Every structure is written in C-alpha cells, then in structure tokens.
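Let's practise setting values against definitions. Take a look at the model below, and then we'll talk it through.

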Amino acid sequence: TPGRPDFFTAVYAVVARIPAGQVATYGLVAFLAGTTYGQIARLLGNPRLSRIVGCALARAPEGLPCHRVLYRDGGLSPADVFGGTGIQRLLLEGEGVPFLPDGRVDLSRCLWDGGEERST
C-alpha cells in the first residue's frame with residue numbers, strides 16, 4: 001500500500017540507482033514518447049503515485065542523491081529543500097548535468113531511463 005514504509009524504501013532504492021550526471025522526475029513527464037506518469041512511481045509499478053514519491057523524498061535518509069530528482073519539467077526543488085538557493089543546481093552542475101537557458105535541467109540530454117548506469 002502506498003505510504004507504508006516498504007513503499008518509501010522502494011522509492012529510496014530507485015533514487016539510489018540514479019547515476020551521477022543523470023536525473024529522474026517524480027512528476028509527470030508528458031513530453032517523452034507519450035509518457036504521462038511520474039517516472040519513479042512508474043518504475044515502481046504505481047504510475048499514479050507521484051505525490052507519494054514526493055512525500056517519501058521529503059523524508060529521505062541522508063546520503064541519498066535526492067538532488068537528482070526533479071519536477072516533471074526539469075525544474076529544481078524550492079531553495080529550502082537543499083538548505084539554500086542554488087545548492088541543488090550546484091550539485092547537479094558538479095555532475096555535468098546540462099541546464100536550459102531558463103534554469104531548468106535539459107531532460108532531453110540527461111533523463112535516466114531506469115536502467116543500469118551507462119559506461120562512458
């Protein structure tokens with residue numbers, strides 16, 4: 001059942017797999033080949049539970065790369081989520097994540113597909 005600790009644990013397991021330099025979304029990703037579900041929720045087999053994924057991330061344990069999880073349009077989290085303005089962007093830039101001129105992440109270049117990390 002969503003909201004139970006095992007669902008949160010599953011969310012954390014998915015987030016832990018997002019490779020450096022790539023990102024995932026917890027909102028709807030409408031522009032990708034007809035996908036209309038929250039990416040992380042979809043990977044967990046519950047595509048309509050993107051809000052529950054957001055709740056899980058708000059309670060995530062330290063050390064989880066939550067900075068790699070964005071809004072559905074590539075937007076960053078509010079400044080207070082990571083302790084200050086620009087921190088999430090700095091973390092992503094440090095991993096080579098590309099940004100658009102309007103400040104959103106360029107999802108067309110770095111959206112994680114849920115698979116294993118690619119070797120470069």
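Q: What makes R109 count as exposed?
A: Its relative accessibility is 60%, and exposed means over 50% relative accessible area, buried under 20% and partly exposed in between (1.4 Å probe, protein chains only). R109 therefore counts as exposed.

A word on the source: this is a predicted model, where local features need pLDDT of at least 70 and side-chain atom pairs count only at pLDDT 80 or more, while totals for chains, interfaces and linings use all residues. Residues are numbered from 1 along each chain as its sequence is written, and side-chain values use heavy atoms, with hydrogens and water left out.

Q: Why is the contact of R109 with D106 called a salt bridge?
A: The term asks for a side-chain nitrogen of Lys or Arg within 4 Å of a carboxyl oxygen of Asp or Glu. Here the N to O distance is 4.0 Å, so the pair counts as a salt bridge.

Q: Is D106 buried or exposed, and how do you know?
A: D106 has 11% relative accessibility, so D106 counts as buried.

Q: What makes E95 and R68 a salt bridge, and which parts does the pair tie together?
A: Their side chains meet at 2.8 Å, N to O, so the definition is met. E95 lies in the loop between helix 4 (87–94) and helix 5 (107–110), and R68 in the loop between helix 3 (50–58) and strand 2 (69–70), so the pair ties together parts 27 residues apart in sequence. Helices (H or I, at least four residues) and strands (E, at least two) are DSSP runs, numbered from the N terminus.

Q: Why is E95 called partly exposed?
A: E95 has 23% relative accessibility, so E95 falls in the in-between class.
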